Every structure is written in C-alpha cells, then in structure tokens.
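Me: Hey, I'm new to this one. Can you walk me through it?

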Amino acid sequence: MSKNIESHLEENRVYTPSEEFSQSARISSMSQYRKLYKESIDKPDVFWAREAAELQWQQPWSQVFDWKAPFAKWFVGGKLNVAENCVDRHATSSRRNKAAIIFEGEPGDRRVITYAELQREVCKFANILEKNGVKSKDRVLIYMPMIPEAAIAMLACARIGAVHNVVFGGFSADSIVDRLEDSGATYVVTADGGWRRGKIVPLKENVDVALQRYGKVRKVIVHQRCGNEISMTPSRDVWWHDEAQNVKSTHRAKAFDSEHPLFLLYTSGSTGKPKGILHTSGGYLTGTYSTFKYIFDIRDTDVYWCTADVGWITGHSYIVYGPLANGATQVMYEGAPNQPDFGRFWKIIEDHGVSIFYTAPTAIRAFIKAGDHFPAAHDLSSLRLLGSVGEPINPEAWMWYHRQIGGERCPIVDTWWQTETGAIMISPLPGCTPCKPGTATLPFFGVDAAILDEAGNVCKANEGGKLVIRKPWPSMTRTIYGDKARFRKTYWSDYSGIYTAGDGARRDKEGNFWIVGRIDDVLNVSGHRLGTAEVESALVAHPAVAESAVVGRPDELKGQGVVCFVTLKEGKESSEALRRELREHVGRTIGAIAKPDDIYFAPALPKTRSGKIMRRLLKELVTTGEISGNITTLDDAQVIINLQKCIKP
Ligand code: WTA
C-alpha cells in the first residue's frame, strides 16, 4: 500500500465576509450553513425536493432519487422543459424586459438581449431545428464563438429534447471528427467565424474539413458572425438568418422526462480518448440552479460575468443553465483577455458595472504577470463578489485577486468541481464561510465529500488522500456516453459505491478541503508523496515568479527528483542566482524534501485549451527529452519547442 500524500504548506491568513455582505446574504452565518448542510445530508430528499420545487415542472416527480450505484436517477417520474425554466419562466414574469445577456464582441460591438427577446430567439431557433428535421434525442454538435447564438442554440436543443454537444471553438477539425463519431451526431450548428486576438477563427472551414471524414451530418446551420468568405454546400448547409425568415417566434415547449439526456460534453482528462460525459435534465438543472443561487448569492440587481467559454462545463453550468435558471443578468464576452491589451477585462467590468466576476487561476496568473497597472487604470468598485475555478488557486494569486481586483472588500468563492459533477461541489458560501487563500473550503449542500486513504479509511486532519463523494447528488454525470464499463472503471472502482474525483486533497483542522493536485501528478520523493500544488504555490509566492509547474523525474536515489518549470513576471530576468534563490525559497517554505533538483525558466507552460497546466507533457519531456504522447489538447504547440530548448540549452 502506498503512503499518504504529505502536506507541508500551512496557511494561516483567514478572511471573513464583511458584516454588510453577510447581513444581506442568503446564508449569513456558519450555524445556518451547518444546519442546512446537516439536513441536506441526513434528508437529501427533503432538501433537494425544496430546491427543485423552485423550478417549473409540468409533471411532479414521484420519487426524489433512485440510487443503484453507480447509476442515479433524480426526480423520478417528473417532467419539465429545461429551456422553459431558463427563459420563458422569466420572459413571462416581471423580468420580461430585464437584460439576460449583455454581449460584447471582441471588436467592441455590443448587444443587450432581454429575457423577452431571448425567448423569441430560442423559440425561432427551436423552430429552425425542427424544420430541418432535428428530433428529440438527436445529437447536435455546436461549434460556435462566444456569442449569444451559442447559448441560444443550446437552449433551443434543450427545448426540443435534442442533445447538444458543444465543442470549444479553439479545437481543430480532428477534435470535431472524434466527437461526431463518438456521439453519432447528425446535425451541426456553427458560424462563419469568430473573433480571437484580432483574427477570424475559421469555424465553418474547420467543420467542412471535419465533414469530409464523417458523412452522417444531414444539415449544417451557419450563423453569420464575421462575414468572412465561406463555402456553403447546397442542400446540406443553410444560413441561420435565412431560415429565421420563415419560422415563427413562438414555440410550445414540450415536457421531457427528468432523466431525458440534456447534453454530452467531452472531457479529455490527462490521457486517452475523450470521454463523452452525459448530463440529464431535472437533476442537472436543479444542481446548477441551486449552487448558482447560494454560491454567487445572485440578486436581480447584479451584473454577473463568467469568463469561461461555453465549450467548457463552466460555460454550460455557469453561463447558460445556472444563471438563466435564476433569471440573472450577465455579461458575455467573445474574445481574448489581452485584446487589445491586458486591460480589456477591467474595462468590461467598469463599462458594464459588473458586480460578480468568475474566472480561472490561469487568467489571474496571466494578469499578475502582465502587471498591476492594467487593473489599476479602471474603476472596479462595482464588484462585490469574486470567484475562481479550474485549478487550485495559489495563495499568492488569491491575495492578488483579493487586493488588486476585489479591493479587499469582495469575498472570493474558490469553487471546486468537475465536468462530471455538473455543478460546484466544494466552495465557500460568500456570506459566511471564513476563507483561507488556496482552499475551496467546505462542501456545498448535499455533497458528502471526504478524503480517503488507499484502504478506504477517512484520512486524519492534514493527511493527504483521494478526494471522493460518498452520496449521489442531482447534477452528477449519469454515464460516459456509450461506455458504461469505462464509467465504472474511471470513477467507481477505487471504493465500492463511492465516486473518486481523481484529485488528491487534504482537510485542515477546520475541515477545509485543499486540493493538492491530480492523483496522477503526485510526486514520490524518497518515499514522500507530494502534491504538485504546494510546491508550485511556494514558487508562485516568490516575487519574481508568475507561474510554475512541478513534475517528478526518475531518480536512482530518491525514486523521483523534483523538476520545476517557472515563468517570470514581466521585467524579471532569469539567472543562476535566481535559480539558487528559488531552490532555497522552496526549501524554506515547504522543507528540504521538496527542494527542486532542477529549475528551468520557460517563456510559457504547456496548457490545455481551458488553461490547465499539462504536467504529463513536462514529465515526459524531463524523462525522455522528448514528447511523443498525444498533444491534441495542447493550446499552443510552440510552447513545447521552446521548452525543449530550455531543457537542452
Ligand atoms: C481542477 C472544471 C482546485 C480539479 C469545473 C478538477 C480545481 C478538475 C478547482 C476538473 C478548484 C477545478 N481548486 N482544483 N477550485 N476547480 N479544479 O472537468 O483537478 O474542466 O478535478 O471542470 O479541475 O476540471 P473540469
């Protein structure tokens, strides 16, 4: 049996929400949180029935959940229409003329879509889909820029019971083919192009290339975004705006079973063929609705902005379904954070009066690297709440976010969850949870999270182990599309009836969850198992360092040696002296055991297209000097060439 993951980093800074914030929050004290949490665990049927009842059901459920591990059903027998809940419910209320989406394109074009308009657009597109032959349960691949039509297409699919599969607009034709084949999709919704860093991403052209290798697509519906020249294949390709001329702007929403499939979203994980994560209707909507309501503590006066792309689960749950189910007003931005410069996000916040801002650590570190003068040039006083998702946030990045963006007044919700979990699982509640920089803190209602050792025992405080969820929850993935065996093996085979997330974590004495890195990335140095996050955070805490990645390299004496890749802040120079200093700095912060054997200064780190560091590639690079594995999920292939140069100077 291998030993537990050790932890050496202790964080003692604690931040509690202001009296003012707490007083107006839905959950305003820890005792209120604990009471509801207890109920949600002891009587999940009571807690979740109450949450689900805030949505609109066309037929009530007969049973809150049915659990035959690892397969769950939620709100059994209930019927609803997800799109009706996200759109019509508000369009027929006093929110009718409230902004649903405030859109800003990368070139600077702006558009405000009210709930009433959103209803018309979704209905029209639902009619377009039906007119083109799309039926309930058909798979529709959506390959779009970050524009309102992406959300409209998703909602229209939901409205008619079709299963959407959004593919991130930065993926290539190959990725489209893989997803078309695995899902057996017969329809594609795309755009001529999208704006990214001042250039047009040729979306339709990529679809055309993909469709030369996959012949089952009946229709391609093309939205005109950039006006770039594209070719249209007669009888297969139709323009969205042409089709819109001939359909009504009303559409009657049919009710679908609570377990009707809502979407597939492919997640690559670190290795292997992408998995088609399946989410269904009633439970997923209840989970995203409820988490968004409590964790972002949304109000009708808020202007919310999540910077994720709709191509990721964060975009599905916290741009489309969670916020719209809550009738929120949100900003949607098409382009890159540094277009025309690193002030763009801060300008958007100032211009639109954004009050809740949700982004990723990778973006925060890029802003830190670029320099404080960018946010300092803008009025960010409209902000009242900040969020983070996607990776562990390094404590120094948390502090920067708190000071430079939050003006030391905004709580930060560090939200841990996964494509598979559908909704946020571990997070502070902004009105009550004491936060320490770097921890996602405590489980959300109904989430029975724990840390187990290899034998299945609960780890003691500060002992590292595997992060698991012991009870079913409404927004959990139902299966990997077409591969139940892989579903069981990937998530349910470590411990019987328990979901394994694949992350290493520990709980501190207060019960806060600290994610220490992916289990596959854990280092093993002289018999000590170290998560990557602590060593990386120690490096990021040094004033010269913007970002770092730590991997193990085979070492005859120690088992593994610690190899660090470091990118420096703008204006900082690499040198032998800095290398020595960083080595000592890690030794002092974490302990001699973690002292790096090698430190490489890199211009950039390899990342997935959603910004996660790909340690697998670095590990291969330091072990073999080369990269032979699959790099299709890599964002920028040039990064690897530069890294090869820096390890062989
Ligand atoms: C990581 C994104 C630490 C984690 C919603 C997880 C995090 C994986 C956090 C899922 C966080 C996400 N703190 N780690 N707040 N949020 N992760 O499927 O390793 O793109 O398992 O879903 O991201 O990534 P996915």
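Me: By class, what residues does the shell around the ligand have?
Reply: The shell has 6 nonpolar, 5 polar and 5 charged residues. Here Ala, Val, Leu, Ile, Met, Phe, Trp, Tyr, Cys and Pro count as nonpolar, Asp, Glu, Lys and Arg as charged, and the others, Gly among them, as polar. This is a predicted model, where local features need pLDDT of at least 70, side-chain atom pairs count only at pLDDT 80 or more, and totals for chains, interfaces and linings use all residues. Residues are numbered from 1 along each chain as its sequence is written, and side-chain values use heavy atoms, leaving out hydrogens and water.

Me: Which residues are the closest to the ligand?
Reply: D414, T415, Q418, T419 and D503, out of 16 that surround the ligand (a heavy atom within 4 Å).

Me: What does T419 do there, in distance terms?
Reply: An N or O atom in the T419 side chain is 2.6 Å from a ligand oxygen. For Q418, a polar side-chain atom lies 2.9 Å from an oxygen atom of the ligand. With T415 it's a backbone N or O atom, 2.8 Å from a ligand nitrogen.

Me: How much of the ligand's accessible area does the protein cover?
Reply: 89% of the 520 Å² the ligand has on its own (Shrake-Rupley method, 1.4 Å probe).

Me: New topic: where is D192?
Reply: D192 sits in the loop between β9 (187–191) and β10 (194–196); strands are DSSP E runs of at least two residues.

Me: And what does the D192 side chain have 2.7 Å away?
Reply: The backbone nitrogen of G227, which lies that far from a polar atom of the D192 side chain.

Definitions and conventions:
Polar contact = N/O pair within 3.5 Å; in protein donor to acceptor, adjacent residues only side chain to side chain. Helix = DSSP H or I, 4+ residues; strand = E, 2+ residues; numbered from the N terminus.
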